[in-house]
Amino acid sequence: MIQRTLAILKPDCVRKNLIGKVIKRIEAEGFKIIALKMVKLNSKTAGEFYTVHKQRPFYYDLVSFMSSGNCVPMVLEKENAIEDFRKVIGATDPAKADEGTIRKMYADGKEQNIVHGSDAPETAAYEISFFFSTRELVENL
Ligand code: CMP
């Protein structure tokens, strides 16, 4: 089944000038980029995006990190996109991520882990609508 997922290149990815390398990998893995933009979250918008983690001890640090610089959210489309993208990015903690995954290759730690990927169809739908209006989503099915 063709699916869409939300990816975010996080502020550490942007700061390290890795946007091009990560996008190249995403495309090489067969994902179609349906929409893409650069945004700067503030503590309110970053907090809202990660509201599901509000009770976690790392929440405030995460919000502070995600609002520390520009991010590049994008909508990716592919067969089984959600699960496949999570395989390509690897485990949250790069130390535990498989060899060759994006986080293993480029991330410094569990918080500054280069890229986000939606974890389920409902979250993907919510996260895509968080960053993109229907008008911005090119119909490409
Ligand atoms: P992401 O895939 O964006 O989803 C939630 C984010 O919270 C995760 O990537 C990390 O950036 C961060 N995160 C998850 N677990 C931890 C942790 N134990 N310590 C710090 N940050 C974390």
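Is N17 buried or exposed? At a relative accessibility of 69%, N17 counts as exposed, because the cut-off for that class is a value over 50%. This residue is a convenient place to enter the structure, which is a predicted model. N17 is found in the loop that runs between helix α1 (11–15) and helix α2 (19–28), and the backbone there has a positive phi of about 60 degrees, although N17 is not a glycine. Such a value deserves a remark, because most residues other than glycine have a negative phi.

A second residue invites the same kind of attention. I114, which is also not a glycine, has a positive phi, near 70 degrees, and I114 is found in the loop between α6 (102–106) and β5 (115–117). Is I114 buried or exposed? With a relative accessible area of 0%, I114 is buried, whereas N17, at 69% relative accessibility, counts as exposed.

From that loop the reader can turn to the ligand, since N113 is one of the residues that surround it. The others around the ligand include K10, Y50, H53, F58, L62 and T92, and, further along the chain numbering, R103, K110, E111 and H116. Taken by class, this shell has three nonpolar residues, four polar residues and four charged residues. The space that the ligand takes up is the largest pocket.

Which side chains place an N or O atom 2.8 Å or 2.5 Å from an oxygen atom of the ligand? In the case of K10, an N or O atom of the side chain is 2.8 Å from a ligand oxygen, while in the case of Y50 the corresponding separation between a side-chain N or O atom and a ligand oxygen is 2.5 Å. K110 takes part through its backbone, where a polar atom is 3.3 Å from an oxygen atom of the ligand. As for how much of the ligand is covered, on its own the ligand has 460 Å² of accessible area, and the protein covers 81% of that.

The region around N113 can also be followed by way of A91, which lies in the loop between α5 and α6. A91 and N113 are 22 residues apart in sequence, and their C-alpha atoms are 9.3 Å apart in space. A91 is partly exposed, with a relative accessible area of 31%. In the loop between α5 (81–89) and α6 there is also T101, which counts as buried at 6% relative accessibility. A polar atom in the side chain of T101 lies 2.7 Å from the backbone oxygen of D98.

Strand β5 offers a further point of reference, for G117 has its place in that strand. G117 is buried, with a relative accessible area of 2%, and its C-alpha atom is separated by 9.9 Å from the C-alpha atom of G90, a residue 27 positions away along the chain.

Two phenylalanines complete the path through the model. F130 is found in helix α7, which spans residues 121–131, and F130 is partly exposed, with a relative accessible area of 21%. How far apart in space are F130 and L6, C-alpha to C-alpha? Although their positions lie 124 residues apart in sequence, the distance between the two C-alpha atoms is 9.7 Å. F65, by contrast, has its place in helix α4, residues 59–66, and F65 is buried, with a relative accessible area of 4%. F65 and R135 are 70 residues apart in sequence, and here the C-alpha atoms are 29 Å apart in space.

Key. Residues numbered from 1 in each chain as written. Predicted model: local features only at pLDDT ≥ 70, side-chain atom pairs only at ≥ 80, totals over all residues. Heavy atoms only, no water. Near = heavy atom within 4 Å. Polar contact = N/O pair within 3.5 Å; in protein donor to acceptor, adjacent residues only side chain to side chain. Areas by Shrake-Rupley, 256 points an atom, 1.4 Å probe, with all protein chains shown as cover. 1 Å grid on protein atoms, 1.4 Å probe; cavity = no way out; pocket = protein on both sides within 12 Å on 5 of 7 lines; lining within 4 Å. Sits in = over half its atoms within 2 Å of the grid points. Nonpolar A, V, L, I, M, F, W, Y, C, P; charged D, E, K, R; others polar. Helix = DSSP H or I, 4+ residues; strand = E, 2+ residues; numbered from the N terminus. Buried < 20%, exposed > 50% of the residue type's maximum accessible area, 1.4 Å probe, protein only.
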